[in-house]
Amino acid sequence: MDGLLIDSEPLWRRAEVEVFASVGLTLTEAMCEATTGLRIDEVVAHWHARAPWEGEPIDAVAARIVERMIGLVTAEGVAQPGAHAAVDACARAGLTLALASSSPDRLIDATLTRLGLSERFAVRRSAQHESHGKPHPAVFLHTAEDLGVAPTRCLVFEDSLNGVLAAKAARMTCVAVPEVDDPRFCIADLVLRSLEEVEGTLG
């Protein structure tokens with residue numbers, strides 16, 4: 001969802017930079033990119049392990065980042081080019097749509113509301129309910145279970161490398177739509193430049 005349907009990665013970077021600065025940690029853009037696709041609690045734990053701060057616990061810092069993100073998405077969130085057309089194309093192709101995201105439930109709801117897509121997904125599942133986030137495949141496997149579909153019959157669209165790794169670990173077909181040019185995305189079954197190319201891939 002983040003970075004795929006909505007242009008949220010710049011918003012995530014703003015939220016993370018602001019909140020981490022309040023506990024004395026200066027994040028660069030490259031540092032933010034290194035944790036793209038992880039659950040926010042895992043992101044905070046990652047940086048706390050490398051540059052521990054005193055006082056505010058990890059879960060409180062994570063909660064503040066989520067609150068900041070909800071505010072930013074609600075006020076400024078913009079759909080990625082082709083997002084609505086891609087959802088329409090998948091529906092016309094007879095695909096049942098599900099959303100499996102590393103974001104918490106409240107942020108998923110805020111994002112879909114902002115984009116006007118709240119009614120388009122039969123299943124929504126957050127990795128916050130899993131023992132492990134992406135690149136572990138749990139969120140994808142449980143989403144397939146909720147749909148009543150075998151993992152091998154699922155088609156996943158992902159923008160992050162951690163998401164692609166999770167999809168392939170779940171034995172799902174994966175289309176990558178990366179924000180950056182990275183040769184590691186070659187592990188996906190197909191790489192697109194944007195969601196505007198989705199309709200031409202569904203046959």
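Modeller: Before we start, helices are DSSP runs (H or I, at least four residues), numbered from the N terminus. This is a predicted model, where local features need pLDDT of at least 70 and side-chain atom pairs pLDDT 80 or more, while totals for chains, interfaces and linings use all residues. Residues count from 1 along each chain as its sequence is written, and side-chain values use heavy atoms, without hydrogens and water.

Colleague: Thanks! Which helix holds asparagine 162?
Modeller: Look at the stretch of residues 161-169. Asparagine 162 is found there, in helix 8.

Colleague: Is asparagine 162 buried or exposed?
Modeller: Its relative accessibility is 15%. Buried means under 20% and exposed over 50%, with partly exposed in between (1.4 Å probe, protein chains only). Asparagine 162 therefore counts as buried.

Colleague: Which residues does asparagine 162 touch?
Modeller: Let's start with its side chain, which reaches the backbone oxygen of threonine 36 at 3.0 Å. For touching, heavy atoms must be within 4.5 Å. Leaving out residues up to four places away in sequence, asparagine 162 touches Thr36, Gly37, Leu38, Lys134 and Pro135.

Colleague: Now the largest nonpolar core: which residues have the most contacts inside it?
Modeller: Such a core joins buried Ala, Val, Leu, Ile, Met, Phe, Trp, Tyr and Cys residues through side-chain atoms within 4.5 Å. This one has 45 residues, and those with the most contacts inside it are Leu5, Phe20 and Ile65.

Colleague: Which element gives the largest share of this core?
Modeller: Helix 1, helix 3 (40-50), helix 4, helix 5 (83-92) and helix 6 (105-115) each give two or more residues to the core. The largest share, 8 residues, comes from helix 4.

Technical notes. A polar contact is a pair of N or O atoms within 3.5 Å; within protein, one must be able to donate a hydrogen and the other to accept it, and residues adjacent in sequence count only if both atoms are side-chain atoms.
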